[in-house]
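Student: Could we go through this structure together? I'd like to know what the labels rest on.

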Amino acid sequence: MSELRDFLQSDGARTGLYFGATSGVITTLGLIAGLHAGTQSLTAVLGGILVIAFADAMSDALGIHLAEEADPETDSAHVWAATISTFATKFIFALSFAVPLLVLPLTTAVFASVAWGMLVITVLSFLLARAQASKPLYIVVEHLGIAALVVVLSHFIGRWVGTAFG
């Protein structure tokens with residue numbers, strides 16, 4: 001039990017947690033917004049979430065692994081903690097967006113997913129600001145603005161694809 005606690009409190013696990021959760025939220029929200037706007041299909045949106053939960057989590061975990069290995073001052077424990085926590089966090093957060101789709105009508109589920117994602121970004125940003133002894137409001141607003149931009153642009157890209165190729 002103490003080994004798990006030590007792992008979860010390590011710098012590598014913290015790196016993976018923040019990166020994986022943020023990437024899981026932003027990527028999945030973009031995917032949901034784009035696929036919903038372009039297809040209006042529960043199958044497409046749910047399938048996209050399931051694929052991205054695994055494939056993008058693996059991709060990001062490998063990316064973090066290589067980035068951390070590139071630092072000559074990083075030890076193996078840090079590299080693997082960042083790798084494992086990135087995969088697990090991204091996988092879990094991406095999959096969490098499937099829940100609204102399974103219990104709500106599609107359009108309602110999309111709005112619920114956006115609300116869930118923005119809540120996660122808010123909490124992560126607030127915790128980050130507190131850890132850095134910064135003013136949370138600026139950091140939260142900045143990060144929510146970026147997330148909102150991804151959702152809006154993904155929506156319009158999806159609409160364009162649906163119109164141009166649908």
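Tutor: Sure, let's begin with a term: a salt bridge is a side-chain nitrogen of Lys or Arg within 4 Å of a carboxyl oxygen of Asp or Glu. Keep in mind that this is a predicted model, where local features need pLDDT of at least 70, side-chain atom pairs count only at pLDDT 80 or more, and totals for chains, interfaces and linings use all residues. Residues are numbered from 1 along each chain as its sequence is written, and side-chain values use heavy atoms, with hydrogens and water left out.

Student: What makes aspartate 11 and arginine 14 a salt bridge?

Tutor: Their closest N and O atoms are 2.3 Å apart, and the limit is 4 Å, so the pair qualifies. Both residues sit in helix 2, three residues apart, about one turn of the helix. Helices here are DSSP runs (H or I, at least four residues), numbered from the N terminus.

Student: How many salt bridges are found in the whole structure?

Tutor: The search turns up three.

Student: Why are helix 2 and helix 6 called roughly antiparallel?

Tutor: They pack at an angle of about 155°. Angles over 145 degrees count as roughly antiparallel, so the label follows. The angle runs from 0 to 180 degrees between N-to-C directions, with axes fitted to C-alpha atoms over the stretch in contact.

Student: What makes threonine 74 and aspartate 71 a polar contact?

Tutor: Their side chains come to 3.0 Å. A polar contact is a pair of N or O atoms within 3.5 Å, one able to donate a hydrogen and the other to accept it, so this pair fits.

Key: Helices (H or I, at least four residues) and strands (E, at least two) are DSSP runs, numbered from the N terminus.
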